[in-house]
2 protein chains.
Amino acid sequence: MQLLKDRICKDGKVKAGNVLKVDSFLNHQIDINLYQEIGKEFKSRFSDCDITKILTIEASGIGIACITAQYFNVPVVFAKKSRTLNISNDVYSSRVHSFTHNNENDIIVSKEFLLPEDKILIIDDFLANGCSVEGLAHIVSLAGASLVGVGIVIEKGFQDGGDNLRKKGMRIESLARIKSMSEDKGFTFYP
Amino acid sequence: MQLLKDRICKDGKVKAGNVLKVDSFLNHQIDINLYQEIGKEFKSRFSDCDITKILTIEASGIGIACITAQYFNVPVVFAKKSRTLNISNDVYSSRVHSFTHNNENDIIVSKEFLLPEDKILIIDDFLANGCSVEGLAHIVSLAGASLVGVGIVIEKGFQDGGDNLRKKGMRIESLARIKSMSEDKGFTFYP
């Protein structure tokens, strides 16, 4: 998606430890017009698919999933990262390591919101090591639902998460798949 | 907003400790068509206002803020609840007590995303004791920006948060303001 790649080149900032900051337009401040174009692109890429629900994970996946869901006209379900007083015990859960926060989270989804007949599209902002997508896919399998595909805004293609998931047979559509990035040389992308 | 009140009556569940569960349509599973109607209603209620940004707080505020932002055609900024490796030190912060999680969070917004010339609409899913809105309003004031108003989906009108904020001169628009709720008697609303 050229619009997105151009924006990453223009406003993305590379920090030590392969951290990519895109918080001026994607995951702290949000450019709603860009989100709409992202949503339309996901709809275009999965236009051949019958999808009944979009599944994402809090927090920064929620906005992209909601905007995208409009083009599929389906509900969003977002996995929560820790057990709160408001969540019943009747949940599917999976343990996920967060490299951003350097901790482990149980991600949970109430059983009533994922049904065996559901055809799920997972949407998330980033794919790097693949832990979040693996956790979400695990929850889909626990529910006996079908995983149709995975839509990712930015894949760090130089990490192995995406390839590992593809080897497992998942259909991953990444709108920008970064081949290399550095503070001085900028970005290159996979086609 | 009658559509929302009807939905609360139909699908909202009252639990011990004045907990209202609306996670089948508002903040775990999301009814995107309802979100769109909520967004249009906020636009209608604040149609007289010049707004440059919508400010919300992760996690469940993000989806409503993004859908709403489309009708105002402005960016969203969401406050984060804890310092991550990806956030610079150059942030505005405010300490907020969460009754849901029974803990204290520093909510933070990068200084670069709130400017003195910004006219801010705060959007959130719930207003009960008012702590989140107070924290967000505090951050708006730290930035020297103007707080135009506060749009709330569900106000627990039997708690004093909303009244306290109104007494401070804030313009609060709640789409459903609950007067009373109980497991057996259901809901009543303020007009």
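In β5(B), which residue is the bridge partner of B:Ile54? The partner is B:Val76. The model is predicted: local features need pLDDT of at least 70, side-chain atom pairs count only at pLDDT 80 or more, and totals for chains, interfaces and linings use all residues. Residues are numbered from 1 along each chain as its sequence is written, and chains are lettered from A and ligands numbered from 1 in the order in which they are written.

The pair B:Ile54 and B:Val76 belongs to a longer contact between strands. Strand β4 of chain B (residues 53–57) and strand β5 of chain B (residues 76–79) run parallel and are joined by four bridges. Strands here are DSSP runs of E with at least two residues, helices are runs of H or I with at least four residues, and both are numbered from the N terminus. Two strands pair if DSSP finds at least two bridges between them. Strands of a sheet pair through backbone hydrogen bonds, either parallel or antiparallel.

These two strands sit in an open sheet of seven, with mixed pairing, in the order β3(A)-β5(B)-β4(B)-β8(B)-β9(B)-β10(B)-β11(B). Its edge strands are β3 of chain A (29–30) and β11 of chain B (186–189), each of which pairs on one side only. Helix α4 of chain B (residues 131–142) packs on this sheet and touches β4, β5, β8 (119–127) and β9 (146–156) of chain B. The direction of α4 makes about 165 degrees with that of β8(B); axes are lines fitted to C-alpha atoms, for helices over the stretch in contact, and angles run from 0 to 180 degrees between N-to-C directions. Two residues are in contact if their C-beta atoms, placed from the backbone, lie within 7 Å.

A further open sheet of seven strands, also mixed in its pairing, has the order β11(A)-β10(A)-β9(A)-β8(A)-β4(A)-β5(A)-β3(B). At its edges stand β11 of chain A (186–189) and β3 of chain B (29–30), each with a single partner strand, so one side of each has no neighbour in the sheet. Strand β5 of chain A (residues 76–79) runs antiparallel to β3(B), and two bridges join them. In β3(B), A:Val76 has B:Ile30 as its bridge partner, and A:Val77 has B:Gln29.

The contact between the chains can also be counted by residue. Chain A puts 29 residues in contact with 29 residues of chain B. On the side of chain A that touches chain B, the elements giving two or more residues are β2 (19–21), β3, α2, α3 (60–72) and β5 of chain A. The largest share, six residues, comes from α3(A). By type, this side of chain A divides into 15 nonpolar, nine polar and five charged residues. Here Ala, Val, Leu, Ile, Met, Phe, Trp, Tyr, Cys and Pro count as nonpolar, Asp, Glu, Lys and Arg as charged, and the others, Gly among them, as polar.

Two helices of chain B show how burial is distributed. A residue is buried if 20 or more other C-beta atoms lie within 10 Å of its own, exposed if 12 or fewer, and partly exposed in between, with C-beta atoms placed from the backbone. In α3(B), 11 of the 13 residues are buried, so this helix is largely enclosed by the rest of the structure. Among them are B:Ile62, B:Ile64, B:Cys66, B:Ile67 and B:Phe72. In α2(B), the buried residues include B:Ile32, B:Tyr35, B:Ile38, B:Gly39 and B:Phe42. They cover an arc of only 110 degrees around the axis, which puts them on the same side of α2(B); the arc is that of the directions from the helix axis to the C-beta atoms. An α-helix has 3.6 residues a turn, so residues three or four places apart point the same way.

Some backbone details remain on either side of α3. Most residues other than glycine have a negative phi, and most peptide bonds are trans. The peptide bond from B:Glu58 to B:Ala59 is cis, with omega near 0 degrees, and B:Ala59 is in the loop between β4 and α3 of chain B. In chain A, the bond from A:Glu58 to A:Ala59 is cis, again with omega near 0 degrees. Just after α3(B), B:Asn73 takes a positive phi of about 55 degrees. B:Asn73 lies in the loop between α3 and β5 of chain B and counts as exposed, because it has 10 C-beta neighbours inside 10 Å.
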